[in-house]
Amino acid sequence: MRHTDTRLPQRRGARDRRARAHRIPVPRCRRHGRRAGSGAPARSARLPRRGRTPIRAAADGARSRTAIPNDPDGRTDEPGGRARTGFVTRPWGDGADTGVPAALGGGVTLVEGSTFCISETGGTVSADRPEGLFVRDTRVLSHWRLTVDGQVPQALTVQYAAPYSATLLARTMPRAGRADSTALVIVGRHVGDGMREDLIVRNLSAEPMHSTVVLAVDADFADLFEVKEGRAGEGVHTDTRSGAGAVQISRPELQLAVTVSGSGAHAHDRELRWEIELPGRGEWTACIEYLPAFDADSHEPRYPCGSPVSRSAPAQRLREWYENSPTVHTEDETLAAVLQRTVVDLGALRIFDPDHPERAVVAAGAPWFMALFGRDSLLTSWMVLPLDRRLAVGTLQSLAGLQGNRIRTATEEEPGRIPHEVRFGRAATLLLGGDTVYYGTADATPLFVMLLGELHRWGLDAKTRDELLPHADRALEWIEKYGDVDGDGFVEYARAAEHGLANQGWKDSWDGVNFADGTIATAPIALAEVQGYVYAAYMARATLASGVGDHTLAERWRAKAAALKTAFNETFWLPEKGWYAIGLDRDKRPIDALTSNIGHCLWTGIVDGDKAGQVADRLLSPEMFSGWGIRTLATSMGAYNPVSYHNGSVWPHDNAICAAGLMRYGYTEHATRVVDAVLDASTRFGYRLPELFCGFDRAEFDVPVPYPTSCSPQAWAAAAPLLFLRTLLRLEPSVPEGVLSVAPVVPERYLPLSVSGLRVGSNALTVYVDTEGWHVRGLSGDLRRADH
């Protein structure tokens, strides 16, 4: 059936409920030089499918093969918020980076799981730069320099085949008396639990040539954060053994080693050497393997020499990811390009547990945060549900396996608590007393229960649900016993370890929670959005109880949720200001700053209906809405700084959650303005939304200003467009009840819009929207459509 009435009933405070949303001015699209959505010919944009190499919308008008390499502007900057303080490395950070970012300017970044390699464009790796091959948070290759006849080849270009694979092209320097080079040097580099390189020298002339090829390597086994912060390489001694075409470098006291072997090579000290004779137009090849060993356990090569890289596990997993991705057709090339970028980046950010190779989780961001983060991975998995439910399952299973069992100050572990971050580097394990898991977060534990409930609504199988339910109950026990330590009904946090995070919500920089006058709040702090997450966790547990027929338990959790909602609205609401406090401080005073956190409260449903209109209008007020998105902190607040990490910047994932919350309460115009703004901003970042960007007003600067150390690609920023899409479709499934609620409210610029391959339960759905209405195809007998 085609539905032509997309309007909602008018409600107080809502300015417009029509499907055609008010739009802010759309900037000129950089690819074609015309305004996006301005009547350009309809463009069918398919997300990567059937094993095709994705094609990226390049900002300069070119079409290029993509991997995860670098930001569109060539940076591989690390994010702020996870910097060192004093002389102690703090992997989970405590504020934005204050130093100048170590930009790589056109370098190459390759990622596979938690392994990554950063180099210059020609492949060179220098120990004094944030470069190298990293495995398990350790730099196992700190120096790489290839020479032909004593000279470094001149880099020409880089071709990316996959997030983990690239081909580096270079030429030898012209020989004496010649104007042009006579040899091409090709390095095919593939990373994953080590690295493989396929080295080719091609004679471009008709004359025979003799050359000496030398590869110099070294390893310092520095901790990832020592490298990131420029503190590696001081007083490091390593041992070397060479022979039989291989060089082994080791640090015996750390039980770390790496073996570099080259086919046909002569090995001496830290060099592999080849003497090659090439006929005219001839070609020479060699294969090089880099195999790290930890505690005498060596990694099996992911891409053994002689085996096609296309048959490797990473290649097969990536093909499957693309083949199972939805297909999108849209009029708007910005939406098409940003969704395509989303699928590619999320595919690259997945990491796999070697003990459970079928289990995928999403890492926080590349390259420095290729690790499991509780909050980041849970929120990203939620956003990705329309694309893939397996990430949510893998994330829940992995975090359940790490759930706290004891009280331990060094790691801030408590029974039932869900971790904040998992790290394997020495800096982290030393601080954590030999452990690899840090638990200092207030929100990951309720988010765990929330995600399990949402996954149940999307069609989680009963066996997995029943396996995870005890972990959800342990999480709820933590909320009530350890999260609400003073018994006032609200979850609060205060770090237990000196090296822990001072703030333990998503705004985890040291100054991220402050009063309207700019004063820093003092812990213990009960954050507004955390109470919203707890409310939603209670409601999720009620839904899960109903799903197994325990209606008495379901009513108990609904009653708890209702009591929390009442208490929250009585305590956190600031009637004289018209918004919710960001939190309560140590003395239970409302922290009265106007922040984007209130949008998260809308998303969870904890906001009373009679207050939602004021919250919606505050979020879209000039002091909060920059024209490129909703700021983290209003311009009228004392701590506002548009070039800060959490006090005035714009975060795409934050905006996606706010937009979903606005749509939940029926504020469709507000929600679509947010979606439009952030997608417009994406055109200035090569359609890859960064972790954050500066909060300057669009009226002042007609391009969004980058934040200096923003992580890109970053998981929840990459996933934000999927939540935008779900918000515009107003897609809300409940597979246990056999119901699908869908009522699209899509701005005209994106029409016609067709999304195929949305997986809800056992159904693969297609939602089609145009100016005349919308319809859904693919509903089976066990799922019926319900009016929104």
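# A tour from a buried cysteine to a disulfide and a helix

Begin by selecting C694, which counts as buried at 2% relative accessibility. Keep in mind throughout that what is on the screen is a predicted model.

**The disulfide**

Next, select C287 and C305, which form a disulfide with their sulfur atoms 1.9 Å apart; the structure holds one such link. Looking along the S-S bond, you will find an angle of -85° about it, and the link is left-handed. C287 lies in strand 18 (residues 283-294), whereas C305 lies in the loop between strand 19 (297-298) and helix 2 (313-323), so the pair ties together parts that are 18 residues apart in sequence. The two ends of the link can then be coloured by accessibility: C287 counts as buried at 11%, while C305 counts as partly exposed at 33%. For a cysteine outside the link, move to C658, which is in no disulfide and whose nearest cysteine sulfur, that of C601, is 9.5 Å away. C658 itself counts as buried, with a relative accessibility of 0%.

**Strand 18 and its partners**

Return to C287 and extend the selection to the whole of strand 18, which is mostly covered, since nine of its 12 residues are buried. Add strand 11 (residues 195-203), which pairs with strand 18 in the antiparallel sense over eight bridges; here the disulfide cysteine C287 is the bridge partner of D198. Then add strand 15 (residues 256-262), also paired with strand 18 in the antiparallel sense, in this case over seven bridges, with A257 standing opposite A293. A293 has a bridge partner in strand 19 as well, namely S298, and two bridges join strand 18 to strand 19, which run antiparallel. Strands 18 and 19 form a hairpin with two residues between them, and in the turn D295 has a positive phi of about 55°.

**Helix 10**

Now move to helix 10 (residues 551-571), whose 21 residues should span 30 Å at 1.5 Å a residue, and whose end C-alpha atoms are 30 Å apart, which agrees. Show the side chains of its buried residues, L553, A554, W557, A561, L564, F568 and N569. They cover an arc of only 135° around the axis, which puts them on the same side of helix 10. As background, an α-helix has 3.6 residues a turn, so residues three or four places apart point the same way. On the face turned away from the buried side, select the exposed residues H551, T552 and E570. To see what covers the buried residues of helix 10, display among others helix 8 (462-483), helix 9 (528-547), helix 11 (597-604) and helix 12 (609-619), together with strand 26 (573-574) and strand 27 (579-580).

**Two further buried residues**

Which backbone oxygen does the side chain of S377 reach? Select S377 in helix 4 (residues 374-384), and you will find that its side chain reaches the backbone oxygen of F373 at 2.8 Å. S377 is buried, with a relative accessible area of 0%, and, leaving aside its neighbours within four places in sequence, S377 is in contact with V362, L372 and T395.

Finish at V742 in strand 31 (residues 739-742), which counts as buried at 1% relative accessibility. Leaving aside neighbours within four places in sequence, the residues in contact with V742 are L729, R730, L731, W774, V776, R785 and A786. A last distance to display is that from V742 to H775, which are 33 residues apart in sequence and 9.3 Å apart in space, C-alpha to C-alpha.

Definitions and conventions: Residues numbered from 1 in each chain as written. Predicted model: local features only at pLDDT ≥ 70, side-chain atom pairs only at ≥ 80, totals over all residues. Heavy atoms only, no water. Helix = DSSP H or I, 4+ residues; strand = E, 2+ residues; numbered from the N terminus. Buried < 20%, exposed > 50% of the residue type's maximum accessible area, 1.4 Å probe, protein only. Polar contact = N/O pair within 3.5 Å; in protein donor to acceptor, adjacent residues only side chain to side chain. Contact = heavy atoms within 4.5 Å. Disulfide = S-S within 2.5 Å. Expected span 1.5 Å × (residues − 1). Arc of directions from axis to C-beta. Pairing = 2+ DSSP bridges.
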